[in-house]
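Student: I've just opened this entry and I'd like to learn how to read it. Could you walk me through it?

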Amino acid sequence: MDSRALSLLLSPEGWTLLNQLPPYEEQTALKLAEGLRARGVDPDLVSAALTQSRLRARAQEKFGQFASELLFTQAGLEQATRLPVAARHAQRYADAGATLVADLGCGLGADALAMAGLGLRVLAIELDEQTAALATVNLRAFETAQVRLADALQVDLAAEGVDAVFADPARRTRSGSRVFDPRAYSPDLDTLLALRERVPNLGLKVGPGVPYHALPSETQAQWVSVDGAVVEAGLWFGDLAPEGSGRSALLLTDDGAHHLSWSGDADAPAGQAPTGRLGRYVYEPDGAVIRAGLVARLCEQTGGTLLDPSIAYISTDTPVQTPMATGFRVLDTFDFGLKRLRAYLRERNVGRVEIKKRGTAVVPDQLRQQLALKGENAATIILTRLRGKQSVLVVERL
Ligand SMILES: C[S@@+](CC[C@H](N)C(=O)[O-])C[C@H]1O[C@@H](n2cnc3c(N)ncnc32)[C@H](O)[C@@H]1O
């Protein structure tokens, strides 16, 4: 959003218009825009308001009802922390007794919002002028939050009285493509990690693919998933990590928050789980458990074994209740072959097949096309390696 669009939106007329727009619908947006322009509303304001309305509709997934109070850019929204996850970050600072948190690279301010919402004082620093302007609007309700347009690395944190730092570095290039190498984050990971010499209570949000060797051994590295999708890894130091060093998984689902953790050096290799035969049940660990290297821990907890040493499917003979994995009852199993699989599914009148796979090159959509199924029934299959062979497990969800 350019500065003219922002000032139009922030004018009394613009703000009223934005907040009176009906819920955004792609099919009716064009007509709505035409109607507004026909009523004499500035076309630039119409365009800015409808863009915001569309972004607010998208932002509901991350911000729920609060989305309708905030302003977004497409890139800022894509990079923003979901509010329930930001709330978890903020709680660490509140529990650590932080008095002034610097949010280095605050973006649109989702993390700063959650911190301010808990009553923490926040100095939210942002390099990009437009983004800083929107963060200022987004944090307007909180007197304890201040947004500063600056290079976060140039701010004298000690002189500001900062006693805790949060940073969620940008992980994309100017053209918008994702950056996976922590040295290419902005600011880069090593520079951010070095801050803990000055401010021991440091928290960083990094990409879920961060390699263990890039982690300081003393950090608490926590991989977070929301409804099964891994969204980040958090690196927590000092009083922000009361659980001490190690790696953990935090799963946020409809039925609450679930933890699995392991204590030790955060940069240690993942433990190796035992391998065993196929039992009556198969469990697919949540991505956060896998990323955190806790599959062996989950095997220990469930009494299960892996089907293959390098594939994260756990098998047991008795059903286990765990929020850390999706469980399936094994109905049938045979070696993988297109003709055989097609015949098996056609005999059972299967028209819809859910294909799960690990450790095989099969592309589910292509396979589905090749199967060309017609029928009333649905089935779930897992394609994986069993005793070194490409195999099919026909399963049903527990
Ligand atoms: C991933 S976003 C932060 C998102 C934020 N945590 C949220 O949930 O809304 C990273 C931000 O850091 C900003 N940034 C990158 N380098 C910076 C620097 N040296 N100083 C200040 N901000 C910086 C980028 O402009 C971007 O807005």
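Tutor: We'll go from the whole chain down to single residues. Keep in mind that this is a predicted model.

Student: Okay, let's start with the big picture. How many helices and strands does the protein chain have?

Tutor: Counting the elements is a good way in. Here you'll find 14 helices and 16 strands. To get a feel for the dimensions, look at the C-alpha trace, which spans about 65 × 60 × 35 Å along its principal axes.

Student: And how much of the protein chain is buried?

Tutor: For that, we ask of each residue how much of its surface is still accessible. Of the 398 residues, 48% are buried. The outside of the chain has an accessible surface of about 19,200 Å², and carbon and sulfur atoms own 49% of it.

Student: What share of the contacts links residues 24 or more positions apart?

Tutor: Take the contacts with a separation of 6 or more: 66% of them join residues 24 or more positions apart.

Student: Which domains does the assignment give?

Tutor: There are four entries to find on the chain: domain 1 covers 3–62, domain 2 covers 77–263, domain 3 covers 281–325 and domain 4 covers 327–397. Try looking at a pair of them. The C-alpha centres of domain 2 and domain 3 are 29 Å apart, and 18 residues of domain 2 touch 14 residues of domain 3.

Student: Now the ligand. How many residues surround it, and which are the closest?

Tutor: Start with the shell, then look at individual atoms. The shell holds 22 residues, with Thr81, Asp111, Glu126, Ala152 and Asp168 as the closest. By type, the shell splits into ten nonpolar, seven polar and five charged residues.

Student: Which backbone atoms should I look at around the ligand's oxygen atoms?

Tutor: Try threonine 81, where a backbone N or O atom is 2.8 Å from a ligand oxygen. Then go to alanine 110, with a polar backbone atom 3.2 Å from an oxygen of the ligand, and to glycine 109, where the corresponding distance is 3.4 Å. As for cover, the ligand taken alone would expose 610 Å², and the protein buries 92% of that.

Student: How do I read the packing of a helix? Which residues of α8 are buried?

Tutor: Pick out the buried residues, then see what they pack against. In helix α8 (residues 129–138) the buried ones are Thr131, Ala132, Leu134, Ala135, Val137 and Asn138. Their packing partners are the helices α1, α2 and α7 and the strands β2 and β3.

Student: Which peptide bond is cis?

Tutor: The omega angle is what you check. Going from serine 186 to proline 187, the bond is cis, with omega near -10 degrees. Proline 187 sits in the loop between β4 and α10.

Student: What about phi? Where does a residue that is not a glycine have a positive value?

Tutor: Aspartate 227 is one case, with a phi of about 50 degrees. You'll find aspartate 227 in the loop between β6 and β7. Arginine 387 also has a positive phi of about 50 degrees without being a glycine, and its place is the loop between β15 and β16.

Student: Is aspartate 227 buried or exposed?

Tutor: Compare the relative accessible area with the cut-off: over 50% means exposed. Aspartate 227 has 55%, so it counts as exposed. Arginine 387 has 73%, so that residue is exposed too.

Student: Could we try a residue in a strand? Where is alanine 325?

Tutor: Alanine 325 belongs to strand β13 (residues 325–335). The cut-off for buried is under 20%, and alanine 325 is buried because its relative accessible area is 14%. Beyond its sequence neighbours up to four places away, alanine 325 touches Tyr283, Glu284, Pro285, Asp286 and Leu298. Valine 289 is 36 residues from alanine 325 in sequence, with 8.5 Å between their C-alpha atoms.

Student: And in a helix? Which residues does arginine 346 contact?

Tutor: Arginine 346 is in helix α13 (residues 338–347). Setting aside neighbours within four places in sequence, arginine 346 contacts Leu371, Ala372 and Leu373. Leucine 373 is 27 residues away along the chain, and its C-alpha atom is 6.8 Å from that of arginine 346. With a relative accessibility of 44%, arginine 346 counts as partly exposed.

How values were computed: Residues are numbered from 1 along each chain as its sequence is written. This is a predicted model: local features need pLDDT of at least 70, side-chain atom pairs count only at pLDDT 80 or more; totals for chains, interfaces and linings use all residues. Side-chain values use heavy atoms; hydrogens and water are left out. A residue is near a molecule or strand if one of its heavy atoms lies within 4 Å of it. A polar contact is a pair of N or O atoms within 3.5 Å; within protein, one must be able to donate a hydrogen and the other to accept it, and residues adjacent in sequence count only if both atoms are side-chain atoms. Accessible areas come from the Shrake-Rupley method with a 1.4 Å probe; for residues, only the protein chains shown count as cover. Ala, Val, Leu, Ile, Met, Phe, Trp, Tyr, Cys and Pro count as nonpolar, Asp, Glu, Lys and Arg as charged, and the others, Gly among them, as polar. Helices (H or I, at least four residues) and strands (E, at least two) are DSSP runs, numbered from the N terminus. Buried means under 20% relative accessible area, exposed over 50%, partly exposed in between (1.4 Å probe, protein chains only). Domain bounds come from an automatic or database domain assignment. Contact means heavy atoms within 4.5 Å.
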